[in-house]
Amino acid sequence: MKRFVGSVRKEFYHIFRDRRSLFILFGMPIVQILLFGFAITNEINNVDIAILDQSNDVTSKEIINKIAASKHFSILDIIQQESSIESIFKKGKVKAVLQFENNFGRHLIKEKQATVQILTDATDPNMANTISNYISSILKNYQQELNNTVSIDYQIVPQSRMVYNAELKSVYMFVPGVMTVILMLVSAMMTSISITREKEQGTMEILLVSPLKPFQVIIGKVFPYIFLSVINAIVIVLLSIFIFNVPVKGSLFLLGFESILFIITSLALGILISTISSTQQTAMMISLMGLMLPTILLSGFIFPISSMPLPLQGISNIIPAKWFIIIVKGIMLKGVGIGFLLKETLILFAMTLVFMGISVKKYKIRLE
Amino acid sequence: MMKAQNVIEVDNLSKLFGDFVAVNQISFHVKAGEIFGFLGANGAGKTTAMKMLIGISSPSSGKATVAGFDVYKQAESIKKNIGYMSQKFALYDDLTVKENITFFGGIYGLSKKQIDQKRCELVEELGLQEVTNSLVASLPLGWKQKLAFSVSLLHEPKIVFLDEPTGGVDPITRRQFWELIYKAAHNGTTIFVTTHYMDEAEYCDRVSIMVNGKIDALDTPKKLKEQYKTDTMNDVFLKLARG
């Protein structure tokens, strides 16, 4: 026990005296969560659009006012002829043009159906799709209000179904992903680097010649990172709650437990990486290419797994991050309990055991 | 007892990596309190042989005991009774002198009181009073080596293994380093040392010279020089290594 405390204390000295690792440990999580939360977002804010109102009646004016009032759009221009549409797009001034048909209001009342055309600049297809969805949702909203006051079934075409979370907040989707990436980064990359550093410096040999057993050496090195990762997880959750108003609907205790499980999974991966790499650079490259990229791209963090080709869907199953993201989304956004997350939890647990098993085996071979 | 007790006994020890024979049936023994020089060109198998003796590599065949313990079955007991310092080692650069001593004392199971006492002795002996709280990175290489050697003796091991301990150190510091070695040997510690410096070989009680995985010569420096009819160990080494 005393040996363990000594090893842990020494590891903390290493961490706190190395500015670079300190930055990765504590700077990255904050920078990442803020970046993903504010900058890299699917949400649209103050997108410039233009209006072509060929009807110019009360109804169309009301809809325009509604759009103008939303924080998502700002109306840059009211154009008069259809021929101006092309030029305004070409200038790149607006991302979308909203065109009300002739006699929009009359059609709506007499025929109970009227058309609004949403023209979007599809050079950025994702953006175009999002804008179109947002505008449709505003139209639908207006239509509902109308139908509530007058008991006639008016219809504004096009209709579109909103697939976003109710409050149109993309940060909801990012928090679980960012949390996963950061815990993975800190736990797997930092531990693999710190273990390979001892190998590079030749001090690992000294530790192995000492009466410390190999697993004691490793535990001593890894333990501080569990502690620091837990602090990171807490910081991320606090930032989410207080800056982005993301709720934690489920149990904080369960979230904590699952986070520690995932941290240990990542640490086991880090140990595994350190057994197959002999230099810090190798460890870092393997961590970045072998862990970070799949974690970001294939875990369902940014791109939905269901829309991936089948082979990639298969691969996503062996990525621990996928299961942890499901767990975090479940607890934070849906508020589900352990009963619904049993499968994911067991998968992470099994993965941890496998990684540790392989590490022990590799470690022994290396010693031969 | 008439004869000093053997603390290392090696009998036909071999190590194979696939088809490659790194260490080929070597046999020797080292007496308690002896300074034993383990020489050989790069790649002759010195390091591999040493790794088997310190319990981090298991032999392919043959027998060996270190401090009375079997290298196959009692590696853990061996580790408690030996000290080790390598050319690369390397105390922790980002820890202070004091923290390094505390850490290494700790992993060898010394109590806080013992560590404090040892530290005071060691700091005084090496004249490190001014720098106990400085990072090891800021010390000159020679000081680091001397400190590393003293740290490897913290737990009063029966045998200390030194793997090219004076690599890259100036002649004066090497001289001082060997004074430390003599002192440790005088206190009863057995010294097992590999080196490339043939003048250092002259300081040893006995030396063995490894060539291509085998021990080709083993005796006192004086007798080896007589046997090969030369004046220096350097010439002995060259004659053997060139075959």
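**Entry 1: a loop in chain B**

I began at B:Glu164, which sits in the loop between strand 7 and helix 6 of chain B. This is a predicted model, so I read every value here as computed from it. What drew me to B:Glu164 was its phi, positive at about 45° although the residue is not a glycine. Most residues other than glycine have a negative phi. I then asked how covered the residue is. With 18 other C-beta atoms within 10 Å, B:Glu164 comes out as partly exposed, because the buried class starts at 20 or more.

**Entry 2: the sheet around that loop**

From the loop I stepped back into strand 7, residues 159-163 of chain B, and looked for its pairing with strand 8, residues 190-194. The two run in the parallel sense and share five bridges. To fix the register I looked up B:Phe161 and found B:Phe192 in strand 8 as its bridge partner.

Next I traced the whole sheet. Six strands of chain B make an open sheet in the order 6-7-8-3-9-10, with mixed pairing. Which strands stand at the edges? They are strand 6 (82-86) and strand 10 (214-219) of chain B; each has a single partner strand, so one side of each is left without a neighbour in the sheet. I also noted the twist, which averages 15° from one strand to the next.

On the other end of the loop comes helix 6, residues 171-186 of chain B. I found helix 6 lying across strand 3 (35-40), strand 7 and strand 8 of chain B, at about 145° to strand 8.

**Entry 3: where chain B meets chain A**

How many residues does each chain bring to the contact? I have 21 from chain B and 20 from chain A. On the chain B side, helix 2 (75-81), strand 6 and helix 3 (97-107) each give at least two residues. Helix 3 of chain B has the largest share of that side, with four residues. Sorted by class, the chain B side holds ten nonpolar, five polar and six charged residues.

**Entry 4: an overview of chain A**

I moved over to chain A and took stock first. I noted 14 helices and five strands. Chain A has 368 residues, of which 35% count as buried. Of the contacts between residues at least 6 apart in sequence, 76% join residues at least 24 apart.

The domain assignment splits chain A into domain 1 (9-40 + 169-367) and domain 2 (47-157). Taken over C-alpha atoms, the centres of these two domains are 46 Å apart.

**Entry 5: strands in domain 2 of chain A**

I picked strand 3 (96-100) of chain A. Four of its five residues are buried, so I wrote it down as mostly covered, the cut-off being 20 or more other C-beta atoms within 10 Å. I then checked its partners. Strand 1 (residues 47-53) runs parallel to strand 3 and is joined to it by five bridges; here A:Ile49 stands opposite A:Ala96. Strand 4 (residues 113-120) is joined to strand 3 by five bridges and runs antiparallel; here A:Gln99 stands opposite A:Gln117.

After strand 3 I followed the chain into the loop that leads to helix 5 (104-110) of chain A, where A:Asn103 is found. A:Asn103 is not a glycine, yet its phi is positive, at about 55°. With 17 C-beta neighbours inside 10 Å, A:Asn103 counts as partly exposed.

**Entry 6: the annotated stretches of chain A**

I looked up the UniProt record, an unreviewed entry, for chain A. It lists "transmembrane region" for residues 21-40, 171-195, 222-246, 252-273, 285-303 and 323-356. I compared two of these with the model. Residues 285-303 are 68% helix and 0% strand, with the end C-alpha atoms 23 Å apart. Residues 323-356 are 91% helix and 0% strand, with the end C-alpha atoms 18 Å apart.

**Entry 7: a serine in helix 10**

Last, I stopped at A:Ser259, in helix 10 (residues 252-276) of chain A. Is A:Ser259 buried or exposed? A:Ser259 is buried, with 24 other C-beta atoms within 10 Å. Not counting residues up to four places away in sequence, A:Ser259 touches A:Leu183 and A:Ala233. I also took its separation from A:Glu198, 61 residues apart along the chain: the C-alpha atoms are separated by 28 Å.

Technical notes
Residues numbered from 1 in each chain as written. Chains lettered and ligands numbered in written order. Predicted model: local features only at pLDDT ≥ 70, side-chain atom pairs only at ≥ 80, totals over all residues. Pairing = 2+ DSSP bridges. Axes fitted to C-alpha atoms, helices over the stretch in contact; angles between N-to-C directions. Contact = placed C-beta atoms within 7 Å. Buried ≥ 20, exposed ≤ 12 C-beta atoms within 10 Å, placed from the backbone. Nonpolar A, V, L, I, M, F, W, Y, C, P; charged D, E, K, R; others polar. UniProt positions renumbered as here; feature names shortened; annotations may be inferred. Domains from an automatic or database assignment.
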